[in-house]
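Trainee: I should like to discuss how the sheet in this model is arranged. May we begin with its overall order?

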Amino acid sequence: MNSHDRTRSPRSANPSGAVTLRKPVSEDGAAIWNLIRACKPLDENSVYCNLLQCDHFRDTCVVAEKDGEVVGWISGYIVPGEDTLFVWQVAVGEKARGLGLAGKMLDEIMEREECINVDQMKTTITKDNDASWALFRKFARRHGGDLDDDPHFHEDDHFEGRHDTEHMVTITLPEPLAAAA
């Protein structure tokens, strides 16, 4: 079995207590929803949305498990018509913080066969989200990528003043990571 095609059932025990990374299955949806709810101030989607992400977008999402518990999650998708991975959401639970897990999860997705042609990563981040800025800057440096950002979804134009402006972060990679692996 290819390490990038792990499809173990959710919440299967890991006797070593190590964090394992795998593609999600639909049964992970509720656990992912609970993880996101515990990771304030992340935007909560519906459980149904998380189920769809696990089912329809499993090839570009990753679950991190420790001792049978979902402790990390990244959702993403390939932008239609582009060689770009859009990272929708990153969540790391308290039990797994400080392990560099978010960066490992990003690498896990980017090294998959499904991302063989991906030469850009995009995400949106508010200016005050220091943890996300650090994660994506570190990813860009680690892979020799160039990081640019521009205001994209504006506080007043898109969010009616109820949410800070989201900056579109674009990391252009020197070559697709999956092809290089």
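Mentor: The model is a predicted one. Its open sheet is formed by seven strands with mixed pairing, and their order is 1-2-3-4-5-7-6.

Trainee: Which are the edge strands?

Mentor: An edge strand pairs on one side only. That condition is met by strand 1 and strand 6 (146–153).

Trainee: What does the twist average from one strand to the next?

Mentor: The twist is taken from one strand to the next across this sheet. Its average is 25°.

Trainee: In which sense do strand 2 and strand 3 pair, and how many residues lie between them in the hairpin?

Mentor: Strand 3 (residues 69–78) pairs with strand 2 over five bridges, in the antiparallel sense. One of the bridge pairs is Lys-66 with Glu-69. In the turn of the hairpin, Asp-67 has a positive phi of about 50°. The sense is antiparallel, and the number of residues between the strands is two.

Trainee: Which residue of strand 2 stands opposite Val-19?

Mentor: Strand 1 (residues 19–22) runs antiparallel to strand 2, with four bridges between them. Strand 2 (residues 62–66) is mostly covered, four of its five residues being buried. The residue opposite Val-19 is Lys-66.

Trainee: What is the bridge partner of Thr-124 in strand 7?

Mentor: Strand 5 (residues 120–126) and strand 7 (residues 166–172) run antiparallel and are joined by seven bridges. Within strand 7, the partner of Thr-124 is Met-168.

Trainee: What angle does the direction of helix 4 make with that of strand 5?

Mentor: Helix 4 (residues 130–142) packs on the sheet and touches strand 4, strand 5, strand 6 and strand 7. Its direction and that of strand 5 make an angle of about 160°.

Key:
Residues numbered from 1 in each chain as written. Predicted model: local features only at pLDDT ≥ 70, side-chain atom pairs only at ≥ 80, totals over all residues. Heavy atoms only, no water. Buried < 20%, exposed > 50% of the residue type's maximum accessible area, 1.4 Å probe, protein only. Pairing = 2+ DSSP bridges. Axes fitted to C-alpha atoms, helices over the stretch in contact; angles between N-to-C directions. Contact = heavy atoms within 4.5 Å.
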